[in-house]
Amino acid sequence: RMTEAPLSGVVPMFVVMKFDPEGNVTTFEKKKTELCQELSLQARDLRFQHSTSLTARNNCIIIRMESLKAIVTPQCLLVLDFRGMGLERWLVLELPPQLTSQTHSLPFEFRALEAILQYKVNTLQAKLNEVEPIILDILESLVDPKILSADRSKLHILLQNSKSLSELETDIKVFKDSLLKILDEDEIIEELCLTKWTDPRVFEESSLGIDHAEEMELLLENCYMQAEELGNNARELKDLIDDSESVIFINLDSHRNVMMRLSLQLTMGTFSLSLFGLIGVAFGMNLESSFEEDTRVFWLVTGFMFLGSGLIWRRLLSFLGRHLEPSVPPPIPPVWKRNLKASDAKAGIR
Amino acid sequence: RMTEAPLSGVVPMFVVMKFDPEGNVTTFEKKKTELCQELSLQARDLRFQHSTSLTARNNCIIIRMESLKAIVTPQCLLVLDFRGMGLERWLVLELPPQLTSQTHSLPFEFRALEAILQYKVNTLQAKLNEVEPIILDILESLVDPKILSADRSKLHILLQNSKSLSELETDIKVFKDSLLKILDEDEIIEELCLTKWTDPRVFEESSLGIDHAEEMELLLENCYMQAEELGNNARELKDLIDDSESVIFINLDSHRNVMMRLSLQLTMGTFSLSLFGLIGVAFGMNLESSFEEDTRVFWLVTGFMFLGSGLIWRRLLSFLGRHLEPSVPPPIPPVWKRNLKASDAKAGIR
Amino acid sequence: RMTEAPLSGVVPMFVVMKFDPEGNVTTFEKKKTELCQELSLQARDLRFQHSTSLTARNNCIIIRMESLKAIVTPQCLLVLDFRGMGLERWLVLELPPQLTSQTHSLPFEFRALEAILQYKVNTLQAKLNEVEPIILDILESLVDPKILSADRSKLHILLQNSKSLSELETDIKVFKDSLLKILDEDEIIEELCLTKWTDPRVFEESSLGIDHAEEMELLLENCYMQAEELGNNARELKDLIDDSESVIFINLDSHRNVMMRLSLQLTMGTFSLSLFGLIGVAFGMNLESSFEEDTRVFWLVTGFMFLGSGLIWRRLLSFLGRHLEPSVPPPIPPVWKRNLKASDAKAGIR
Amino acid sequence: RMTEAPLSGVVPMFVVMKFDPEGNVTTFEKKKTELCQELSLQARDLRFQHSTSLTARNNCIIIRMESLKAIVTPQCLLVLDFRGMGLERWLVLELPPQLTSQTHSLPFEFRALEAILQYKVNTLQAKLNEVEPIILDILESLVDPKILSADRSKLHILLQNSKSLSELETDIKVFKDSLLKILDEDEIIEELCLTKWTDPRVFEESSLGIDHAEEMELLLENCYMQAEELGNNARELKDLIDDSESVIFINLDSHRNVMMRLSLQLTMGTFSLSLFGLIGVAFGMNLESSFEEDTRVFWLVTGFMFLGSGLIWRRLLSFLGRHLEPSVPPPIPPVWKRNLKASDAKAGIR
Amino acid sequence: RMTEAPLSGVVPMFVVMKFDPEGNVTTFEKKKTELCQELSLQARDLRFQHSTSLTARNNCIIIRMESLKAIVTPQCLLVLDFRGMGLERWLVLELPPQLTSQTHSLPFEFRALEAILQYKVNTLQAKLNEVEPIILDILESLVDPKILSADRSKLHILLQNSKSLSELETDIKVFKDSLLKILDEDEIIEELCLTKWTDPRVFEESSLGIDHAEEMELLLENCYMQAEELGNNARELKDLIDDSESVIFINLDSHRNVMMRLSLQLTMGTFSLSLFGLIGVAFGMNLESSFEEDTRVFWLVTGFMFLGSGLIWRRLLSFLGRHLEPSVPPPIPPVWKRNLKASDAKAGIR
């Protein structure tokens with residue numbers, strides 16, 4: 001929207017970095033209109049509306065991968081508006097050798113396209129690599145059976161990272177969809193093989209025993225499968241978060257039950273003491289009980305109080321023990337075991 | 001249903017706002033039958049049965065997008081029944097400049113269709129923009145690890161907004177499906193290019209190097225991808241709600257466990273005090289214990305009561321500490337770490 | 001199964017209600033075999049095996065929609081076995097006007113088919129209308145933040161209604177699938193246009209500018225989209241139940257936490273009182289403490305007991321307050337806020 | 001694997017039960033190789049590798065449905081290895097009448113195939129019928145709002161049955177997939193019509209006005225839809241289990257909250273009693289308070305203790321009441337109600 | 001990446017194990033370039049980029065299944081880089097007999113491909129066999145209704161195994177997808193039949209009545225269905241884990257409710273004792289109550305205290321009993337029962 005609707009008088013400019021097959025790199029500014037004329041493109045071809053797109057137009061491949069906007073021609077690769085996007089390191093150090101490498105004899109556009117798609121895959125991989133260890137670490141510490149209560153600042157970080165993971169999953173899906181759209185239509189794959197249509201001499205030279213369209217399909221499919229693998233990893237990580245949360249809940253619940261039993265046992269003790277303490281309170285009243293003069297009564301009543309409390313408590317505890325262990329039909333386990341073998345047999349038939 | 005089945009004698013009328021390519025806007029009322037005759041449409045073409053539809057009929061594009069009903073012809077755009085629908089602002093301020101803009105040389109129906117579809121996308125976006133910050137704010141405050149209990153009025157608002165989000169997701173899906181239905185059939189796309197069939201002169205003029213059907217496909221695809229992006233955002237938001245709810249539950253459970261441990265520790269203290277208080281109660285009885293005359297006994301027994309309580313409590317607390325920390329096999333963590341590296345290696349192979 | 005495998009000697013009969021295009025309605029009984037002969041159908045065509053089916057056979061459309069079994073011919077509509085199915089109201093009051101209405105000039109089978117499909121859609125809609133307000137009412141009262149415990153009889157009703165909702169979803173899916181099967185095969189749509197094949201005169205008359213097959217497709221598609229909308233509503237309702245359940249759980253948990261804190265605060269108080277009460281118990285012992293004669297000691301000790309209890313309790317309460325509020329890194333919120341803006345920007349690019 | 005890789009010297013034998021169209025049944029043993037030669041099949045055709053398969057080979061239909069292995073030829077049906085599989089009842093009582101019935105004039109292979117597929121459907125139905133009432137019964141008793149704690153032996157049985165249900169769902173899916181694979185390829189359907197290719201005379205006789213391939217498709221589709229219906233039922237049952245579990249949790253949580261409130265109320269009482277009891281304890285000390293002689297003081301203090309406890313308790317209880325009922329904005333309900341109407345209107349438009 | 005980008009000067013070598021149809025096995029080292037030349041392959045064909053791939057190139061089948069890299073030619077099977085991969089046992093003991101077996105007359109590449117795919121299936125099966133019994137055992141012990149708190153070290157092991165299960169599911173999915181990609185394109189299946197294109201003599205000899213492509217499809221389909229079955233098993237196991245977790249939660253919650261009721265009952269007892277103990281405390285005060293001299297008063301008050309406590313406690317207990325059993329409408333159960341029958345009837349119609 002911004003590139004397209006400038007205030008009148010402001011001419012839209014692109015800052016362009018140009019790479020040619022010989023490894024020369026030049027940087028210059030150019031008006032959008034001039035660039036269009038030069039490449040025989042139309043203004044709307046350079047709108048870069050969608051965050052991820054890959055199209056062939058008039059013997060150019062126009063690519064946008066989030067912050068990276070590029071045009072591939074048979075003779076050069078133009079990277080547009082590259083400043084302040086965190087692309088510098090890649091543009092200066094990694095891209096040039098990839099563009100000039102001679103490991104395969106395919107024309108320039110293949111090397112350029114591969115470098116850009118690989119950059120995208122690496123970006124996604126880097127995001128996953130950033131999120132994954134943090135999540136694993138936090139889960140590791142949260143499912144620790146020793147903890148009584150989850151560390152809540154860790155939960156906060158987990159939440160943020162699982163949000164990032166969701167966004168990453170969307171990114172991977174969008175990237176996969178854009179590749180799939182091309183892989184599903186042989187026509188578009190053909191259009192991406194620029195040299196085939198522009199430079200018959202180079203084409204014939206390079207295509208000894210090689211079908212350009214097939215090579216292009218392989219290149220795209222390769223990236224697709226890498227993205228698929230990333231997607232699988234992200235999904236597994238999501239599953240792990242879900243499973244871990246269940247385990248955390250069971251852990252917390254178990255702790256609570258253990259504490260509750262302890263608490264209940266002590267409540268039983270307190271109750272016993274209150275019950276028999278009442279006898280002491282009774283004898284402590286300023287009322288005449290006619291036992292006042294006999295020394296043995298003191299020891300008798302005191303002993304009764306302590307012993308009674310102890311006995312009642314013991315009975316309550318053993319009642320609790322019985323109460324929490326209902327009788328269940330014991331022959332249940334074998335059913336599962338048998339199923340297990342049946343399914344083994346089933347799966348191993350051939 | 002209402003437009004279609006009038007009580008006999010009541011003639012169905014449309015309030016129509018007409019936009020022509022020169023930017024003239026006129027408003028008038030017209031009988032449904034007259035309108036049909038004028039545009040050579042049949043009555044059933046103007047039933048607007050479904051809340052979202054986009055069809056081409058006899059060189060007109062008939063559109064309904066919830067409250068917006070419109071007919072696009074090669075010469076004008078008619079908006080029907082526009083009153084009281086909240087469309088006024090858009091009709092008066094935003095639509096006219098879009099219809100008269102000359103940024104691309106495509107015929108009128110393209111500008112009209114783009115404006116309407118963009119209006120729909122903006123409406124969806126606006127709904128999301130309304131719901132998203134509320135949900136994020138509420139989640140932000142609900143997952144706050146400091147809170148002991150969730151603010152229940154916030155939960156109510158969250159519930160309402162996640163209901164709105166569900167409805168928005170349905171709306172986006174319906175919109176995407178209606179676009180997809182057209183994108184899947186090249187025939188319908190061709191039909192949407194009205195000028196191609198009605199005005200060969202304008203068509204030839206405008207189509208220098210431009211394929212109208214391809215332009216139409218681009219226009220629709222563009223809207224489709226915007227809707228897709230909105231759908232992705234809505235889905236991510238739903239995921240975030242789910243994840244946050246898990247975190248809220250863990251938070252609440254953790255709080256409870258912490259409080260339970262404190263409560264248990266105090267129950268232990270109370271138990272100890274009751275136990276040794278029983279001694280005091282015993283000596284408080286109006287029974288002769290033969291120690292009454294000795295002053296040291298008072299201090300002895302008092303000291304024993306307090307010290308005993310303290311010691312028992314300490315033992316109970318340390319018992320609790322041990323009880324809640326079961327011994328676990330320590331070599332478990334490395335498994336995950338190793339997996340992590342393996343998956344790194346796997347994903348980074350090429 | 002019952003219609004098909006009669007005990008020998010029992011001739012299968014149909015009770016038939018016949019509607020002709022002029023609005024005449026007759027009711028009669030007829031043997032299955034005679035009916036087959038009359039319509040040149042085979043016995044197996046009238047088995048009505050599946051609860052939802054719509055097929056064209058030898059210039060008849062044979063329909064079953066749960067309890068409604070019907071045969072449409074170009075000249076009449078036969079409804080079979082209509083008694084005791086709750087169809088009477090519809091058959092007597094609603095169906096005849098729909099069959100004789102002249103709003104469109106299409107032949108009889110279109111009106112008959114539309115009436116039947118619309119009946120099915122209305123039935124589904126009625127089921128949803130029955131279930132939806134009950135569920136909304138119950139959820140409304142269950143998510144009420146004021147309630148401490150869910151009303152369990154309401155839960156029971158909710159469970160029954162969500163079971164009904166599941167069944168309704170299945171019904172809608174089956175109906176949609178049966179329509180989709182037809183919409184996917186142009187051949188079957190052609191077969192459904194009975195008049196086109198049987199009555200060329202009427203066909204030509206009625207088909208001025210109208211393609212029968214296209215009309216039939218529109219009719220079916222219209223029903224399909226209505227069913228789709230119902231399905232969307234049912235799904236949203238299911239989502240709402242799920243979301244509400246989460247809110248109910250958070251509500252209940254929050255209540256519990258609040259009560260637990262109160263309980264803990266009181267336990268602290270009781271503990272403090274027990275602790276300092278022990279002093280009183282000590283002085284209550286019938287043992288000589290040598291302070292007995294001094295009046296000030298009484299006030300001193302009593303005051304110490306109450307003040308001490310109060311002070312200890314206060315310290316415990318403030319300890320609890322600190323304990324439940326762990327220190328968290330404050331710069332967390334901005335992350336979300338920033339993300340929000342980023343996604344806004346992303347979605348609003350064009 | 002076992003049938004295929006015999007130890008050398010052991011000749012694989014089949015125990016065969018043969019049904020011919022006239023209703024004759026013979027049982028005999030035959031070497032696998034002989035059987036192959038007789039039917040002009042290859043050894044690998046009779047491997048029966050997969051638990052569910054249905055293939056046509058050289059004018060035979062080879063079927064395996066779990067324990068049932070069968071070969072259908074135009075002249076007979078061979079059931080292999082039928083002993084000890086629980087098939088006896090069906091083979092002796094149900095199969096023969098189905099094979100000789102003359103309800104339709106289609107050739108033998110149709111009757112045989114229909115009988116076998118119907119047997120499979122009935123088996124699946126029987127499994128569902130076995131599991132469904134048990135699950136419903138258990139759920140019925142578990143969601144009973146009166147129960148305080150779930151009966152854990154019932155939970156165990158529920159778990160086993162929901163495991164069986166999962167397995168049943170897989171079985172249904174596998175059966176549906178194997179039918180769908182055939183329904184998707186007209187060629188295979190043609191191959192299944194054995195008589196068409198082997199016995200032109202019978203074919204022509206039987207095919208008066210009947211297209212064999214179409215009949216075969218109907219037969220398979222019929223079974224497919226029955227399996228679909230079973231699958232729907234199983235899925236609904238799974239949903240019901242999930243919904244019931246939510247209700248069980250809400251029930252248990254509600255019970256707990258109610259108990260907690262009671263417990264809290266009693267804790268408040270105990271606290272009040274402890275607080276004012278401290279006064280009594282104070283006066284019980286063997287210390288001089290100078291009030292000893294005045295009788296009214298006894299009643300005053302005693303009354304103060306009881307009244308004070310009561311008053312404090314009442315204040316605490318009313319505090320609890322207020323504490324648990326936070327003030328919420330009341331205009332929330334209308335939103336839902338309004339939505340309800342809106343969605344009604346939406347769905348009922350036409 | 002490593003095989004492809006060696007440091008200059010380091011020639012990439014393969015350690016190759018060669019199997020020929022006669023059963024001869026030789027092991028040697030060979031440069032990658034030489035191997036390519038020998039087999040007329042290109043360097044990029046031997047990159048083995050993806051963890052699972054199966055492609056035909058220039059009359060060779062190039063396979064990678066995780067650690068197993070192999071090339072199948074019509075004359076031999078080459079296994080590359082086999083050391084340290086845990087393949088030795090299979091390579092030495094199992095593979096040779098499978099390659100030389102003469103059970104079917106198909107050419108060598110079929111036997112080689114079948115052996116490799118079967119190895120992959122067996123590997124997946126082995127992984128499932130390793131994980132399944134552990135998970136079943138742990139679940140068995142965790143859902144044990146007698147346990148009060150889940151054994152947390154078992155939960156940890158469960159978590160690890162369900163992580164392994166997720167990874168296994170991904171592996172199965174990737175394997176299935178790679179087979180499906182081939183099964184969907186008849187061209188690739190044709191290419192996999194190497195002998196058909198290279199050795200017409202052998203081809204004609206072996207193909208008496210056998211279509212090679214069809215055999216290849218059968219072979220791949222067979223593996224696909226085995227993988228499908230494994231996938232089904234893994235999914236069922238995942239479902240079982242989920243269901244078991246629900247049961248564990250219900251178990252823990254039930255235990256807690258039972259303990260809570262016990263605790264509440266004791267709290268009631270303690271409250272009653274405190275209430276009536278207050279009377280004793282009152283009479284224990286050193287204040288004159290004028291009852292001091294009467295012996296009967298002692299017994300009266302003591303009896304009142306104990307009896308009163310007991311009575312109040314009983315009332316509280318019966319109040320609790322009533323409180324936890326709300327009155328519910330009894331006619332609810334029949335609804336389900338009726339539904340059950342209806343669905344029976346529905347499913348059993350034909």
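Copies are superposed here by least squares on the C-alpha atoms of residues with pLDDT of at least 70 in both, pLDDT being the predictor's confidence in each residue, from 0 to 100. Laid on chain B this way, chain A fits with an RMSD of 0.2 Å after a turn of 72° and a shift of 0.1 Å along the axis. The two copies are thus related as by a five-fold rotation axis. Of the residues of chain A, A:G284 comes closest to that axis, at 4.5 Å (C-alpha).

This is a predicted model, where local features need pLDDT of at least 70, side-chain atom pairs count only at 80 or more, and totals for chains, interfaces and linings use all residues. Residues are numbered from 1 along each chain as its sequence is written, chains are lettered from A and ligands numbered from 1 in the order in which they are written, and side-chain values use heavy atoms, with hydrogens and water left out.

As for confidence, the model scores ipTM 0.83 and pTM 0.84. Chain A has a mean pLDDT of 82, with 86% of its residues at 70 or more. Over residues 327-335 of chain A, though, the pLDDT is below 50, and this stretch has eight contacts (heavy atoms within 4.5 Å) beyond near neighbours in sequence. Where pLDDT is low, the predicted coordinates should not be read in detail.

On the inside, the largest nonpolar core (buried Ala, Val, Leu, Ile, Met, Phe, Trp, Tyr and Cys residues joined through side-chain atoms within 4.5 Å; buried means under 20% relative accessible area, 1.4 Å probe, protein chains only) has 353 residues. Those with the most contacts inside this core are A:L77, B:L77, C:L77, D:L77 and E:L77.

Technical notes:
Buried means under 20% relative accessible area, exposed over 50%, partly exposed in between (1.4 Å probe, protein chains only).
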